[in-house]
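Here is a short report on a ligand site and on charge pairing. Keep the structure open while reading.

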Amino acid sequence: MTREELKAAAIGMLDRAYCPYSHFPVGAALECADGTVFTGCNIENAAYPVGICAERTAMSKAISEGHRDFVRIVVAGRSEDYCVPCGMCRQFMQEFAPELEVICLNGAGDELALPLKELLPYGFDNTHLNH
Ligand code: THU
């Protein structure tokens, strides 16, 4: 899939978002090393903290289908600002893909592309679990 197609896949997921509380739809498209793409959207809940972000939806779908090798993810929002992943998603994604490229889109479709390492410097990982 080309970069533009991956962006279109993430934007296409905005209509699947379930966000009756925030009214802030997010779509994601995650590309695996073998080219497989998994999409996701945010899914909110009346018990607010139970909701899940689009990025973790996409990566959970991928991992549960046997994929763990990820190259890039597009995160799409409809706001003026680029839709950057929250801290929990940064940590979640780092576990499987510290080298991931994160492509954040605003509502106009402009992109801000950053390595996950820049979004999560000094991230906590399994090397810190030496006790
Ligand atoms: N959200 C995401 O799905 N991904 C992001 O990158 C930022 C935030 C969701 C969580 C919640 O459903 C809504 O956006 C507002 O925070």
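A salt bridge here is a side-chain nitrogen of Lys or Arg within 4 Å of a carboxyl oxygen of Asp or Glu. By this rule, the predicted model has 7 salt bridges.

**Charge pairing**

Side chains of opposite charge can pair when their charged atoms come close. One salt bridge joins E111 and R3. Their closest N and O atoms are 2.7 Å apart. This pair links distant parts of the chain. E111 belongs to strand β5, residues 111–115. R3 belongs to helix α1, residues 3–12. The two residues are 108 residues apart.

**The ligand site**

Where does the ligand sit? The space it takes is the largest pocket. Around the ligand are S22, F24, V26, N42, E44, C53, A54, E55, V75, V84, P85 and C86. By class, this shell holds 8 nonpolar, 2 polar and 2 charged residues.

Which residues make polar contacts with oxygen atoms of the ligand? Three are listed here, including side-chain and backbone partners.

| Residue | Atom on the protein side | Distance to a ligand oxygen atom |
|---|---|---|
| N42 | polar side-chain atom | 3.0 Å |
| A54 | polar backbone atom | 2.9 Å |
| E55 | N or O atom in the side chain | 2.5 Å |

How much of the ligand does the protein cover? On its own, the ligand has 370 Å² of accessible area. The protein covers 77% of that area.

Residues N42, A54 and E55 also appear in the surrounding shell. Look there for the contacts in the table.

Technical notes:
Residues numbered from 1 in each chain as written. Predicted model: local features only at pLDDT ≥ 70, side-chain atom pairs only at ≥ 80, totals over all residues. Heavy atoms only, no water. Near = heavy atom within 4 Å. Polar contact = N/O pair within 3.5 Å; in protein donor to acceptor, adjacent residues only side chain to side chain. Areas by Shrake-Rupley, 256 points an atom, 1.4 Å probe, with all protein chains shown as cover. 1 Å grid on protein atoms, 1.4 Å probe; cavity = no way out; pocket = protein on both sides within 12 Å on 5 of 7 lines; lining within 4 Å. Sits in = over half its atoms within 2 Å of the grid points. Nonpolar A, V, L, I, M, F, W, Y, C, P; charged D, E, K, R; others polar. Helix = DSSP H or I, 4+ residues; strand = E, 2+ residues; numbered from the N terminus.
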